[in-house]
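This report walks through a single protein chain for a reader at the bench, taking one region after another. Please keep the sequence and the model in view while reading.

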Amino acid sequence: MNVLKYVLFFGLAFSAAFSQADELEKCLSAVSTSAHRLEREDAVARCFTSFTQMTGKDACFGHIEKYKSLVNSTRLQNLALNSCFYESTGYKTMQDCMGDTKLFKKASDHDEAIFFCYQSFEERLSKQECSNTAKKLIFPAKRDYLLNHCQEI
C-alpha cells in the first residue's frame, strides 16, 4: 500500500510540474528524438512557430538552450532565435532588446535586430541614445544612415 501512495504522489507531482510548463516546452518535450531528422526538424520548427507568441523571451531563449539537441541545425537555430527575438512577448526596455541582439552571429541578422530595437523604442530615445544605438551597427552604410537620422531628432 505504501508503494501505491508513493507512485500516486510522484505521478501527481510529475503531472503538476508538466502542467506548469509553457506550451512551447510541452511541444518541444513531445518531439520524438527517434524520428527521422527531417521530421524532427519540422516538428521543432512547428513548435517554435506555433507557440513562441505565448512564451516570455527568457523562457523562449532558455528552451533553445535546454533543447539544444533538438535545435541542432543552423536552420533551426536561426528559426528559433528569430522566433524568440521577434515573436515572443515584447521587450520592456531598450537595454533588454539590445542585449539580445548579441545572440545574432551573422552581421545582417545582428543589424536587423538592432533596427528592430530602435523601431520598438524610437519614440522614447534621446538623440544620444539613438546615436549610441547606431554606433552598434556593423554595416557602415546602415550605421551612417541611422546616425544621420539621429541628428534630425
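## Arginine 143 and the overall fold

With a relative accessibility of 24%, arginine 143 counts as partly exposed, and this residue belongs to helix H9, which covers residues 140–151. Once neighbours within four places in sequence are set aside, arginine 143 is in contact with Ala134, Lys135, Leu137 and Ile138. Its C-alpha atom is separated by 9.1 Å from that of serine 131, a residue 12 positions away along the chain.

The coordinates come from a predicted model, and every value in this report should be read with that in mind. The protein chain contains 9 helices and 0 strands, so that the order of elements from the N terminus is α-α-α-α-α-α-α-α-α. Of its 153 residues, 37% count as buried. Among contacts with a separation of 6 or more, 57% join residues that are 24 or more positions apart.

## Salt bridges between and within helices

The structure holds 6 salt bridges, and three of them are set out below with the closest distance between nitrogen and oxygen.

| Acidic residue | Basic residue | N to O distance |
|---|---|---|
| Glutamate 41 | Arginine 37 | 3.3 Å |
| Aspartate 42 | Arginine 75 | 3.8 Å |
| Glutamate 65 | Lysine 68 | 2.8 Å |

How far apart in helix H3 are glutamate 41 and arginine 37? The two residues are 4 positions apart in this helix, which spans residues 37–51, and are therefore separated by about one helical turn. An α-helix has 3.6 residues a turn, so residues three or four places apart point the same way. The two partners differ in their surroundings, since glutamate 41 is buried with a relative accessible area of 8%, whereas arginine 37 is partly exposed at 45%.

The pair formed by arginine 75 and aspartate 42 is of another kind, with 3.8 Å between the closest N and O atoms. Arginine 75 lies in helix H5 and aspartate 42 in helix H3, so this salt bridge ties together parts that are 33 residues apart in sequence. Both residues are partly exposed, arginine 75 with a relative accessibility of 43% and aspartate 42 with a relative accessible area of 38%. Arg37, Glu41, Asp42 and Arg75 are also linked in a network of salt bridges.

## Helix H5 and the largest pocket

Helix H5 has 14 residues and reaches 19 Å from its first C-alpha to its last, which is close to the 20 Å expected at 1.5 Å a residue. Within this helix, Leu76, Ala80, Leu81, Ser83, Cys84 and Phe85 are buried, and the buried residues of H5 pack against H3, H4, helix H6 (94–101) and helix H7 (107–121).

Which helix supplies the largest share of the lining of the largest pocket? That share, 4 residues, comes from H5, while helix H4 (57–66) and helix H5 (74–87) each supply at least two residues of the lining. The largest pocket contains about 350 Å³ of space and is lined by 14 residues, of which Ile64, Gln77, Asn78, Leu81 and Leu103 lie nearest its centre. By character, the lining divides into 6 nonpolar, 3 polar and 5 charged residues. Leu81 therefore appears twice in this account, as a buried residue of H5 and as one of the residues nearest the centre of the pocket.

## Two further glutamates

Is glutamate 25 buried or exposed? At 16% relative accessibility, glutamate 25 counts as buried, because the cut-off for that class is under 20%. This residue lies in helix H2, which covers residues 23–30, and it touches His63, Lys66 and Tyr67 when residues up to four places away in sequence are not counted.

Glutamate 123, in contrast, is exposed, with a relative accessible area of 82%, and it is found in the loop between H7 and helix H8 (127–134). Although glutamate 123 and isoleucine 153 are 30 residues apart in sequence, their C-alpha atoms lie 9.9 Å apart in space.

Technical notes: Residues numbered from 1 in each chain as written. Predicted model: local features only at pLDDT ≥ 70, side-chain atom pairs only at ≥ 80, totals over all residues. Heavy atoms only, no water. 1 Å grid on protein atoms, 1.4 Å probe; cavity = no way out; pocket = protein on both sides within 12 Å on 5 of 7 lines; lining within 4 Å. Points joined across faces, edges and corners; volume = space filled by probe spheres on them. Nonpolar A, V, L, I, M, F, W, Y, C, P; charged D, E, K, R; others polar. Salt bridge = Lys/Arg side-chain N within 4 Å of Asp/Glu carboxyl O. Buried < 20%, exposed > 50% of the residue type's maximum accessible area, 1.4 Å probe, protein only. Expected span 1.5 Å × (residues − 1). Contact = heavy atoms within 4.5 Å.
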